[in-house]
Amino acid sequence: MKKLLYVSLLCGLALTTISAITETENESVLTSNFTVGNPEIASINSISFGPEGILFVGDSKNATLYALDTKDTEQLEKGTALNMIDFDTKVAGSLGTTADQVKITDMAVNPISKKVYLSVHTNDGTPVLLRLNGEKLENVSLKNINHSKLALNNPVATDKKDRRGRSQRKWAIADLKYHNGTVMLSGLSNKEFSSIFRSIPFPFTKAQDYASLEIWHAAHGRFETYAPIKAFDVISMNNKEYLLASYTCTPLVLFPMEDLKAGKHLKGRTVAELGSGNAPIDMISFKKDGKPFFVMSNTNRSVMRFDYDVIANFKETLTETVDEFAVAKGVPYVSLPMVNVLQLDNLDADTVVYLQRSADGDLVLRTRPTKWM
C-alpha cells in the first residue's frame, strides 16, 4: 500500500509539474509582471498598440504610462469597411448619455484583430475605453484589467501654464508609439529645456531614457525648446531610422533615432514649415503602389501626403523665418481632399480608418483604401 501511495503521489506531482510547465509556456513574457485590478487611470490623452494586443495608454493627469492586456488577439488579415454616421451620438448612446457630454480623445487600431479602439472623456472627466466590434461599441473595463504601469520622471508640473495662461499639464504626454521593444513618448518635462522625447523599455523597468529637443521654428523665426512634439512617426530612409516630428504652427523636423540618447540635448533638422495657425493631429505611414508615404491630419489644414523619397532627397535645412502667414516652405506635399479629419490610423495594409467632422457638423467614422490616399 505504501508503494502504491508513493507512486500515486509521484504521478500527481508529475502531472502538477507538467501543468505548471504548460502554464509557464503559455504565459506571455510581455505580461508576466502584469497585475489584474484597477490601474486608476485619471485621463487618456493618447493610445497606441504594441505586440500581443497590448494597448499603451498615456495619462497626462497622472503623468503615467499604462500597458493594458486587451486579450484581443484573434488574427485577422483585413479590417471591416466602415461608414458610420452620427458617430458621436452612437458613442454617447453606448454610455447612456448625449453627444455634448462626451469627447473622443484618441483612436487606435489593434493590428492583430483590426478592431478600432477609442478613448473618450465624459463631461465630468471620467476616462472611458471603447472597442468597435463590427459596428457595435463595447466598453472595455478600466476597473478590472490585466495591466502594468510606470510613473514618468520629471513631468511638467500640474500648475505650469503657458504665456496665455493655459495649463501645460495635458502635454505631459502628447503622443506615443511602440517601436522595437520600446514605448516612445513626446511631451513636456519640468526641466529647463522642457520639450522631451522619452524611450521606455517594455516590459517596464525603472529605466526612462530621455533627450531634450531643440528646433528651428520657421513660422516663429526662432529656436525653441519648450513646445512638445504633437505628432510623430519613425520612418526609414537610406537604411537609417529617423524620428519624423511635427509641432504646432507647423514645423516638420527630422531627428536621427541613433542620436536620441539618454541625457542628450539634440537639435533637429527642420525640413518643412507647413503653415502657421495649424497643429498636427495624427501621422501614419503606408505603402501605395509599393512606395512608402506618410500622411498627417491637421486642425486647420486638409490631410497632407508626403513621399519618403522626396524627404530623403531633400538636403536643405530651413534656417530663415517664414514671415507670410500660413505659407508653406521646404519639403513639398499633396493636399488630399480630406478636411476636418480628427483621428487617423491604419486599419490594415491597404486601408485607413478616420474620424471626420463633415460640412454639416456630423461626426463620421469611415475607411478608405490607401490607393485613394
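Reader: What volume does the second largest pocket have?

Author: The volume is about 190 Å³, taken as the space filled by probe spheres set on grid points that are joined across faces, edges and corners. The model is predicted, and local features are given only at pLDDT of at least 70 and side-chain atom pairs only at pLDDT 80 or more, while totals for chains, interfaces and linings use all residues. Residues are numbered from 1 along each chain as its sequence is written, and side-chain values use heavy atoms, with hydrogens and water left out.

Reader: What makes a residue part of the lining of the second largest pocket, and which residues are they?

Author: A pocket is an open set of points on a 1 Å grid where a 1.4 Å probe fits, with protein on both sides within 12 Å along at least five of seven lines, and a lining residue has an atom within 4 Å of a point. The lining consists of N38, E40, I41, T126, P127, V128, L129, N139, V140, S141, L142 and K143. Strand 8 (127-133) and strand 9 (136-140) each supply at least two of these residues, and strand 8 gives the most, with three.

Reader: How is the lining of the second largest pocket divided by class?

Author: Six of the lining residues are nonpolar, four polar and two charged. Ala, Val, Leu, Ile, Met, Phe, Trp, Tyr, Cys and Pro count as nonpolar, Asp, Glu, Lys and Arg as charged, and the others, Gly among them, as polar.

Reader: Why is E40, one of the lining residues, called exposed?

Author: Exposed means over 50% relative accessible area, buried under 20%, and partly exposed in between (1.4 Å probe, protein chains only). E40 has 54% relative accessibility, so it counts as exposed. E40 is in the loop between strand 1 (35-37) and strand 2 (46-49), and its phi is near 60°, a positive value in a residue other than glycine.

Reader: K114 also has a positive phi without being a glycine; is K114 buried or exposed?

Author: Its relative accessible area is 10%, so K114 is buried. Phi is about 65° here, and K114 sits in the loop between strand 6 and strand 7.

Reader: How do you know that strand 8 and strand 9 pair?

Author: Strands are DSSP runs of E with at least two residues, helices are runs of H or I with at least four, and both are numbered from the N terminus. Two strands pair if DSSP finds at least two bridges between them. Strand 8 and strand 9 have five bridges, in the antiparallel sense, so the criterion of at least two is met. L130 stands opposite N139 in strand 9.

Reader: Which sheet holds these strands, and what makes strand 6 and strand 9 its edges?

Author: They belong to an open sheet of four strands with the order 6-7-8-9 and antiparallel pairing. Strand 6 (102-109) and strand 9 each pair on one side only, which makes them the edge strands. The twist averages 30° from one strand to the next, with axes fitted to C-alpha atoms, for helices over the stretch in contact, and angles from 0 to 180 degrees between N-to-C directions. Helix 2 (residues 87-94) lies across strand 6, strand 7 (116-122), strand 8 and strand 9, at about 100° to strand 6.

Reader: Why are strand 5 and strand 26 called edges?

Author: In the open sheet of order 5-28-27-26, strand 5 (83-84) and strand 26 (341-348) each have a single partner strand, so one side of each lacks a neighbour in the sheet. Helix 2 packs on this sheet, touching strand 5, strand 27 (351-357) and strand 28, and makes about 115° with the direction of strand 28. Strand 26 and strand 27 are joined by six antiparallel bridges and form a hairpin with two residues between them.

Reader: What makes strand 16 largely enclosed?

Author: Six of the seven residues of strand 16 (residues 231-237) are buried, so the rest of the structure largely encloses it. Strand 16 pairs with strand 17 (residues 240-246) over seven antiparallel bridges.

Reader: Why does N146 count as buried, and which residues does it contact?

Author: N146 has 13% relative accessibility, so it counts as buried. Contact means heavy atoms within 4.5 Å. Leaving aside neighbours within four places in sequence, N146 contacts T31, F34, T35, V36, A67, L68, D69 and K71.
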